[in-house]
Amino acid sequence: MSAKSIALRQGVYVFIGLAILTVIEFYMGLWEWGLAPLMLVALLKAALVVHFYMHVYRLWQEESH
Amino acid sequence: MSAAVTGSQHDHADHHELSYAHKLRNNRLGLWLFCFSEVFLFGALLAARFYLWGDTRPDLDQALGLAATSILLISSFFINRAETAMSHGDQKTFLRGMMATFVLGLLFLIGVVGFEWGAFGIEIGGHAPLRPTDGVYGAVFYAMTGMHAIHVLTGLVFILIVWNNGRKGLYTAEKHWGVEACAIYWHFVDVVWIIFYPALYLIGTAV
């Protein structure tokens, strides 16, 4: 499998993770789970985006594009 | 003589490569510092929400909130796909991904401003839209969604500029900082909404 396919596939997996967490979050909200669990799910989603989509780790890398 | 000239050209090229890598590191750091400074702005709005609303929230349309969140998450998927495609020199997938992101961002804006704010005069699910004058609920809701909507709007302009540059062939697999910057900014706008969504729609008892 090419490097491009692997990178594109990773994007799909992250999106599926985000979608599942959003559905969980939605029902947690409907069942009034409260602040802490809902914010925990939101922070988990944010962490996924920051790491896999925003590539925060590149800040510490020497490589260019 | 010829070898000396070739060596000198190599040195010159290496210097340029190094300077591009150096510039890229600085650009990345600058953009992340900008995002970090924005965290304080959105964090202040979030603090206002929890201070003024406490364990309550306005009775907003849940389907619309979920739809807006889903649209923004899908747009993040597409801009990531576009950036990945460009980093591998796939111009066609890049352009399609950027355009999909633009359309989805526009849909999000229409959903929030047009329907949630009631700019189209349409009531969804029997919910009369919240007004900015509706006490602390209206004030905080419009401050949070308004500030976010401005960022979505600037993100859309950014996407259009990068798409147009890409169409002209200004980016390559090796040099596409503009694409990366646009993607980081758009994802940041998404991250803000990821935190705002439960704060506005899910946490607390609807009043």
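This is a short tour of a two-chain structure, stop by stop, with something to select at each one. Keep in mind that you are looking at a predicted model.

**Stop 1: chain B as a whole**

Start by colouring chain B by secondary structure. You should find 5 helices and 2 strands, and walking from the N terminus the order is α-β-α-α-α-α-β. Of the 207 residues in chain B, 48% are buried. If you like contact maps, look at the contacts in chain B with a separation of 6 or more: residues 24 or more positions apart account for 81% of them.

**Stop 2: helix H3 of chain B**

Next, select residues 91–116 of chain B, which form helix H3. How far apart are its end C-alpha atoms? They are 36 Å apart, in agreement with the 38 Å that 26 residues should span at 1.5 Å a residue.

Now show side chains at the N-terminal end of H3(B). Asp90(B) caps the helix there, placing a side-chain oxygen 3.4 Å from the backbone nitrogen of Lys92(B). After H3(B) comes Gly118(B), with a positive phi near 75°.

**Stop 3: Phe196(B)**

Move on to helix H5 of chain B, residues 177–202, and pick out Phe196(B). Its relative accessibility is 2%, so Phe196(B) counts as buried. Display the residues around the ring: beyond its neighbours within four places in sequence, Phe196(B) contacts Phe42(B), Leu45(B), Leu46(B) and Met144(B). For a sense of scale, draw a distance from Phe196(B) back to Leu95(B): the two are 101 residues apart in sequence, and their C-alpha atoms are 30 Å apart.

**Stop 4: Ser76(B)**

Select helix H2 of chain B, residues 62–87, and zoom in on Ser76(B). Is this serine buried or exposed? Ser76(B) has a relative accessible area of 0%, so it is buried.

Which side chain does the side chain of Ser76(B) meet in a polar contact? The partner is Asp190(B), at 2.7 Å. Once neighbours within four places in sequence are set aside, the contacts of Ser76(B) are Trp186(B), His187(B) and Asp190(B) in its own chain, plus Tyr53(A) from across the interface. That last residue is a good cue to bring chain A into view.

**Stop 5: where the chains meet**

Show both chains and select the residues in contact: 36 in chain A and 40 in chain B. The area buried between the two chains is about 3,400 Å², with carbon and sulfur atoms giving 72% of it.

For the charged side of the story, there are 3 salt bridges between the chains. One to display is Arg58(A) with Glu83(B), whose closest N and O atoms are 3.1 Å apart. Across this interface, 3 residue pairs are in polar contact, with both residues at pLDDT 80 or more.

On the chain A side, helices H1 (3–30) and H2 (35–53) each supply at least two of the residues that touch chain B. H1(A) gives the largest share, 13 residues. Colour this side of chain A by class and you will see 22 nonpolar, 7 polar and 7 charged residues.

**Stop 6: Val41(A)**

Finish in helix H2 of chain A with Val41(A). At 11% relative accessibility Val41(A) falls under the 20% limit, so this valine counts as buried. Apart from residues up to four places away in sequence, Val41(A) touches Leu21(A), Glu25(A) and Met28(A). As a last distance, try Val41(A) to Leu18(A): 23 residues apart along the chain, with 9.8 Å between their C-alpha atoms.

Key: Residues are numbered from 1 along each chain as its sequence is written. Chains are lettered from A and ligands numbered from 1 in the order in which they are written. This is a predicted model: local features need pLDDT of at least 70, side-chain atom pairs count only at pLDDT 80 or more; totals for chains, interfaces and linings use all residues. Side-chain values use heavy atoms; hydrogens and water are left out. Helices (H or I, at least four residues) and strands (E, at least two) are DSSP runs, numbered from the N terminus. Buried means under 20% relative accessible area, exposed over 50%, partly exposed in between (1.4 Å probe, protein chains only). A polar contact is a pair of N or O atoms within 3.5 Å; within protein, one must be able to donate a hydrogen and the other to accept it, and residues adjacent in sequence count only if both atoms are side-chain atoms. Contact means heavy atoms within 4.5 Å. Buried area is the accessible area (1.4 Å probe) that two parts lose on being put together, summed over both. A salt bridge is a side-chain nitrogen of Lys or Arg within 4 Å of a carboxyl oxygen of Asp or Glu. Ala, Val, Leu, Ile, Met, Phe, Trp, Tyr, Cys and Pro count as nonpolar, Asp, Glu, Lys and Arg as charged, and the others, Gly among them, as polar. The expected span of a helix is 1.5 Å times one less than its number of residues.
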